[in-house]
Amino acid sequence: MEKKQFHLVHDERSDRHVVYIKGELDLAAAEQFRRAIEPLAHDAAKTLVIRLDGLTYIDSTGIGMFVALLKTRKKQGAPFLIENVPPKVQRLFDLTGVSHFFSETNDTTERIESQS
């Protein structure tokens, strides 16, 4: 099986940073992800949205990075959303016990999307 290359696209809007993740977020991609996301995480004036539609795999390093992002944003009082979590990734979030950290934002996101 061929490894899917990690790829990240940042779409800056007037009120938010939207980050699209494709491929595998694992130890090999961690530094690339950290470098791209760090400046956005510290921009508390805008909502940070991470969309996982194209995420094919995540390991404990990637999950740890999401939890760290959540803590950073919470400390700043800045919104952080994880959207479009693929079922395979959601199962992993459930198994590792991090779902409840993200469930609040996911519920809000689903309500927002269903109203649009």
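This passage describes the packing of two helices and a set of salt bridges in a predicted model.

The two helices in question are helix 1, which spans residues 30–41, and helix 2, which spans residues 60–76. Their axes lie 12 Å apart and meet at an angle of about 10°. Because angles under 35 degrees count as roughly parallel, helix 1 is described as roughly parallel to helix 2. On the side of helix 1, the contact is made by A30, F33, R34, I37, L40 and A41. Helix 2 contributes T61, M65, F66, L69, T72, R73 and Q76. Sorted by character, the residues of this contact comprise eight nonpolar, three polar and two charged ones.

Eight salt bridges are present in the structure. One of them joins E12 to K46, with the closest N and O atoms 2.6 Å apart. This pair connects distant parts of the chain, since its members are 34 residues apart. E12 belongs to strand 1 (residues 7–12), whereas K46 sits in the loop between helix 1 and strand 3 (47–58). The surroundings of the partners were also assessed. E12 has a relative accessible area of 48% and is therefore partly exposed. K46, at 14% relative accessibility, falls under the 20% limit and so counts as buried.

Further salt bridges are found within helix 1. E31 pairs with R35, the closest N and O atoms being 3.6 Å apart. Both residues lie in helix 1 and are separated by four residues, about one turn of the helix. E31 is partly exposed, with a relative accessible area of 38%. R35, at 52% relative accessibility, is over the 50% limit and therefore counts as exposed.

A second pair in helix 1 is formed by E38 and R34. Here the closest N and O atoms are 3.1 Å apart. E38 and R34 are likewise four residues apart, about one turn of the helix. The relative accessible area of E38 is 37%, so this residue is partly exposed. R34 is also partly exposed, at 31%.

These pairs are not isolated from each other: E31, R34, R35 and E38 are linked in a network of salt bridges. R34 thus appears in two settings, as a member of this network and as one of the residues through which helix 1 contacts helix 2.

Technical notes
Residues are numbered from 1 along each chain as its sequence is written. This is a predicted model: local features need pLDDT of at least 70, side-chain atom pairs count only at pLDDT 80 or more; totals for chains, interfaces and linings use all residues. Side-chain values use heavy atoms; hydrogens and water are left out. Axes are lines fitted to C-alpha atoms, for helices over the stretch in contact, and angles run from 0 to 180 degrees between N-to-C directions. Angles under 35 degrees count as roughly parallel, over 145 as roughly antiparallel, 65 to 115 as roughly perpendicular and the rest as oblique. Contact means heavy atoms within 4.5 Å. Ala, Val, Leu, Ile, Met, Phe, Trp, Tyr, Cys and Pro count as nonpolar, Asp, Glu, Lys and Arg as charged, and the others, Gly among them, as polar. A salt bridge is a side-chain nitrogen of Lys or Arg within 4 Å of a carboxyl oxygen of Asp or Glu. Buried means under 20% relative accessible area, exposed over 50%, partly exposed in between (1.4 Å probe, protein chains only).
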